[in-house]
Amino acid sequence: MTREVIDRHSEALFEFLWCPVCGHEVFSHIPFEGVFCKNCNTQVELQESHEDRGYEEAVLACFDTDTTWNLHVDEKLRRDLPDGSARVKILGAPGAYEIDWWSPEPGDGWEPVERGEFADIEEPADVSHLA
């Protein structure tokens, strides 16, 4: 019996993507479970968008904090998503991706963590054991 692996999304897409909860850029794929932020365990599900507007790729990245570690402990390292989830539409091609929109829209009540925003802050030793 042979098994075929299908990569639905390019590696470049994952290099562009970052976690809106903690700002880190490294994700782990656990077969039959999903894709998770390696730093905070926020789950991300990628879906092809129905509308591509002529771009090579149009992807919806859906983030969910049900699995996030230590979300309740230190808001200096993680920022919760509104109602525990958020979506972002990404358009483009490898090396030229851009954000089209966030849902819910960032505003007064919520802003996604920017790429690397918390990179220079160390997680306290008494927090990491709570994961």
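Which side chain makes a polar contact with the side chain of Ser49? That would be Lys89, at 3.3 Å (a polar contact is a pair of N or O atoms within 3.5 Å; within protein, one must be able to donate a hydrogen and the other to accept it, and residues adjacent in sequence count only if both atoms are side-chain atoms).

Some housekeeping: this is a predicted model, where local features need pLDDT of at least 70, side-chain atom pairs count only at pLDDT 80 or more, and totals for chains, interfaces and linings use all residues. Residues are numbered from 1 along each chain as its sequence is written, and side-chain values use heavy atoms, with hydrogens and water left out.

**Overall layout**

The protein chain has two helices and six strands, in the order α-β-β-β-β-β-β-α from the N terminus. These are DSSP runs numbered from the N terminus: helices are H or I with at least four residues, strands E with at least two. Of the 131 residues, 39% count as buried (buried is under 20% relative accessible area, exposed over 50%, partly exposed in between, using a 1.4 Å probe and protein chains only).

**Lys89 and the cavity**

Lys89 sits in strand 5 and counts as buried, because its relative accessibility is 3%. Leaving aside residues up to four places away in sequence, Lys89 touches several others, among them Glu51, Glu98 and Asp100 (contact means heavy atoms within 4.5 Å).

Strand 5 (85-92) and strand 6 (98-103) each supply at least two residues to the lining of the largest cavity. The full lining is Phe16, Leu17, Trp18, Phe63, Val88, Ile90, Ile99 and Trp102, which divides into eight nonpolar, no polar and no charged. Here Ala, Val, Leu, Ile, Met, Phe, Trp, Tyr, Cys and Pro count as nonpolar, Asp, Glu, Lys and Arg as charged, and the others, Gly among them, as polar.

**Backbone oddities**

Most residues other than glycine have a negative phi, and most peptide bonds are trans. Two loop residues here have a positive phi:

| Residue | Phi | Loop | Relative accessibility |
|---|---|---|---|
| Phe32 | near 70° | between strand 1 (27-30) and strand 2 (34-37) | 86%, exposed |
| Asn41 | near 70° | between strand 2 and strand 3 (43-48) | 16%, buried |

Then there's the peptide bond from Ser103 to Pro104, which is cis, with omega near 0°. Pro104 is in the loop between strand 6 and helix 2 (125-128).

How values were computed. On a 1 Å grid over the protein atoms alone, a cavity is a set of points where a 1.4 Å probe fits but cannot get out, and a pocket is an open set with protein on both sides within 12 Å along at least five of seven lines; lining residues have an atom within 4 Å of a point.
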